[in-house]
There are 2 protein chains.
Amino acid sequence: MERLTLDVNGCFDPAAEGLDRGDLAGVAAAALGAFDGFQARREKGELGFADLPADAATADATERLAKDLGGRFENLLVLGIGGSSLGGRAIVSALAHPFHNLLPRERRGAMRIFFPDNSDPATFEALLGTLDLADTCFATVTKSGGTAETMSQHLALRARCIARFGEEGYRERCVLVTDPAKGALREIARAEGLRALPVPANVGGRFSALSAVGLLPAAAAGVDVAELLAGASAMEARCRTGDVLGNPALLYAAALHLMDRRRGRRIHVLMPYADALRDTGDWFVQLWAESLGKRPDVGPTPFRAVGATDQHSSLQLMVEGPQDKVVTLVRVASPRADLSLSVPEGYRRFGEIAYLDGHTMGELLEAERRATDAALRKAGRPTISITLPRLDARAMGELLMLLELATAYAGGLYGVNAFDQPGVEAGKRYAQGLLGRPGFEQYRDELAGAAKPDPALVLA
Amino acid sequence: MERLTLDVNGCFDPAAEGLDRGDLAGVAAAALGAFDGFQARREKGELGFADLPADAATADATERLAKDLGGRFENLLVLGIGGSSLGGRAIVSALAHPFHNLLPRERRGAMRIFFPDNSDPATFEALLGTLDLADTCFATVTKSGGTAETMSQHLALRARCIARFGEEGYRERCVLVTDPAKGALREIARAEGLRALPVPANVGGRFSALSAVGLLPAAAAGVDVAELLAGASAMEARCRTGDVLGNPALLYAAALHLMDRRRGRRIHVLMPYADALRDTGDWFVQLWAESLGKRPDVGPTPFRAVGATDQHSSLQLMVEGPQDKVVTLVRVASPRADLSLSVPEGYRRFGEIAYLDGHTMGELLEAERRATDAALRKAGRPTISITLPRLDARAMGELLMLLELATAYAGGLYGVNAFDQPGVEAGKRYAQGLLGRPGFEQYRDELAGAAKPDPALVLA
């Protein structure tokens, strides 16, 4: 069976101050250490994401729940933020029809899925005003069970459902995805008799794409969840070696880490040549930034681009700007659809158009990807290439697992814990202080006591 | 009338190695020089974007054309890439209903707008399969008149329209936005008798949001174009001084430039607390990256975030990672809609939820913005605040003009030409070589002659 290919030749170009095999040999021991460290934590049961593809029971329960909801409702709202939204969104937008929510029911063959991932009242109110609530259900997704943005949406929607359909109508419409044992949402599930799917205690939000967090919206959108997990499982199996030249996730992590530490390239661009992978870029940004951004001396910046679109945007910066980037180009070898181009007689005198005749739009896109790779390398900018045989559930599972494992290994190489996010706690405390949470008065007072702004620096 | 406010106090915190008034005094002469240099090029007629708000004739013609199309068709496809797409998309998503394309015609009151901005055949074929072509028109937007991605879409759609509706049906459905005199598309407009709107010769693609490029989709989506231009005009008027403490765009550019050059902060984050400004972030990424990314020693990396969503993603990196970022937070003072939160009895024992009672979702979002600003500053990370009184056409016009002028001034401060993009030409030549454009054989041959990849670095 064809599978994902990783090619790091674009980082090893001697003409471009690339890495050499000596660099790779030098990092081999550290890579092995990162691999062993991850395996040890995994075997101790601390880290569960790589075992998700084997969790058939949760996949089955999720598919059954999605089927039940899909039989009764037209719309599913996924109330979640960050890792509780990005994974599901990435999977659905990669694998569902590009205009899924616009298709009539009979062509769609699955629920419409919405990801209102922000506590922006303008969006949420507009969404509730757009959908028929009678035909709408929602999944409240928070591992901890108390995420403020998500709970604010839950409260608003719960109140509307109860007002309109009563307690039973609310219970039919609301499902929860949360920790299997702990947290407010789990207690609420028990108290209110709501159906709830688990996020294993050892799976953090940003590594939860292949848990019920991502699988529920995927299944509801008609994605082949079994194939998705099979692809992830196959990638996980490919990555069971600590040999940096045998484990694609380890090689990817090592190449990016070397480029950062040895060449000062700490902006890591993910540039798929496929619109459907745009949201996968946003998912990767969270994964890489939140996992590795831990110290003033550690924290590569992930940057999301889409080819060919960003050739008309950030590519200029990548080609001629600072030597601080590595660009990963993702190719889909066989596009799902293609379009033949024929240049009519009246257009043939324009050289910049005539050559398109007889080609397909897919050939144009692939020529642009090859050309961009070559132009970057000629300008001394390293690239990495990932090729998916096609953009289907299996390949998407491979890609997600590749990037998750690479992130875990990169944490080991950088010497940081890739699985926490202590830096966001201060902001949460300030917000709770401002909104009057008992016990958080000191944070409100601290803000009230801040130095007065200099009015000369405010242009109003 | 309330207007946009810029506050750079968050860059001047002595506890956080911030700038001081001496830095600002030191950059005043360079800022004045950047201002004067821009004004001189503007007065010579080389740079036209700041004069677009005064071009009532084009605005009128655009509105008339949009009205005519809207009276006959349900859907408008904007065929354009980069600057030919991002500006219109930013305006429409900021100002139209958040689920505009999903609304039924009677509630929408305007055309559905689609921006297929890539030569991805999977997306384009799916879009054509989703819409009723009889009810669809399209605007082909390319300043040069020969952009390959856009022309490939034009060719495909032209052929389908002619096959189905004949030449006259194609002429009814297709309008062009291009250079007023030059280029293939202008000649095609004449030869085929197509209606065409101008992009002034002295307005480059990424500065064209307020030309017909952005105004046509905006008007077709029901945006108040006159107010948009009035807001832009008001900001342009505010920026007619070379005094860095009197011109908000100049102060913004100077603060970011100083943070880059004096503090090594060359990642510039734009983080609006409004979903509707998400696409404005993508627009800014192109503007800042393509305008300033010109030399190995010049090229800040723009980074798009959205609050509160990215508090659960890249914020961790911003707070604890490398000291290489400046974060601009954008606030909308009065949200368009709000939602009251009431915490039911059964939820009140959960401290992390109970405090939401009696607040609104808008208050939560604003508390999070204030809290994030404070947390960043406490961690020694500089911030800049932009406040829009509300998110309406006028404020959007102010914001776009602020960022465009800031980009122009930043070009002056960095000593680069902000209005070209030489770095993307090599890739175009390779792509044309690969697709067999006569005269470009050498580029194809160069790729064919590239060194063979090392198979050990390919994990397949």
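Analyst: Two strands count as paired when DSSP finds at least two bridges between them. In this predicted model, three bridges join strand β2 (residues 75-79) of chain A to strand β3 (residues 112-114) of chain A, and the two run parallel. Three set against the required two makes this a pair, and within it A:Leu77 stands opposite A:Phe114.

User: What makes β2(A) and strand β4 (residues 136-141) of chain A a pair, and in which sense do they run?

Analyst: Five bridges are found between β2(A) and β4(A), and their sense is parallel; because two bridges would be enough, the name of pair applies here too. One of the facing positions is A:Asn75, whose bridge partner in β4(A) is A:Thr136.

User: Why is strand β2 of chain A said to be largely enclosed by the rest of the structure?

Analyst: Five of the five residues in β2(A) are buried, and therefore the strand is described as largely enclosed by the rest of the structure. Burial holds for both of its faces, as A:Asn75, A:Leu77 and A:Leu79 point one way while A:Leu76 and A:Val78 point the other way, and all are buried.

User: Is B:Asp420 called buried, exposed or partly exposed, and why?

Analyst: B:Asp420 has 14 other C-beta atoms within 10 Å. Since buried calls for 20 or more and exposed for 12 or fewer, the value of 14 falls in between, and B:Asp420 is therefore partly exposed. Its place is in the loop between α15 (393-414) and α16 (425-434) of chain B, and its C-alpha atom is separated by 10.0 Å from that of B:Arg206, 214 residues apart along the chain.

User: How do you know how the two copies are related?

Analyst: Chain B is superposed on chain A by a rotation of 180° with 0.0 Å of shift along the axis, at an RMSD of 0.0 Å, so the copies are related as by a two-fold rotation axis. In chain B, the C-alpha nearest that axis belongs to B:Leu102, 3.3 Å from it.

User: Why is it said that the copies meet through the same surface?

Analyst: Of the interface residues of chain B, 100% are also interface residues in chain A, so the copies meet through the same surface. The contact involves 122 residues of chain B and 122 residues of chain A, and on the chain B side the largest share, 13 residues, comes from helix α14 (residues 361-378). By class, that side has 67 nonpolar, 36 polar and 19 charged residues.

Terms used:
Residues numbered from 1 in each chain as written. Chains lettered and ligands numbered in written order. Predicted model: local features only at pLDDT ≥ 70, side-chain atom pairs only at ≥ 80, totals over all residues. Contact = placed C-beta atoms within 7 Å. Helix = DSSP H or I, 4+ residues; strand = E, 2+ residues; numbered from the N terminus. Nonpolar A, V, L, I, M, F, W, Y, C, P; charged D, E, K, R; others polar. Least-squares fit on C-alpha atoms with pLDDT ≥ 70 in both.
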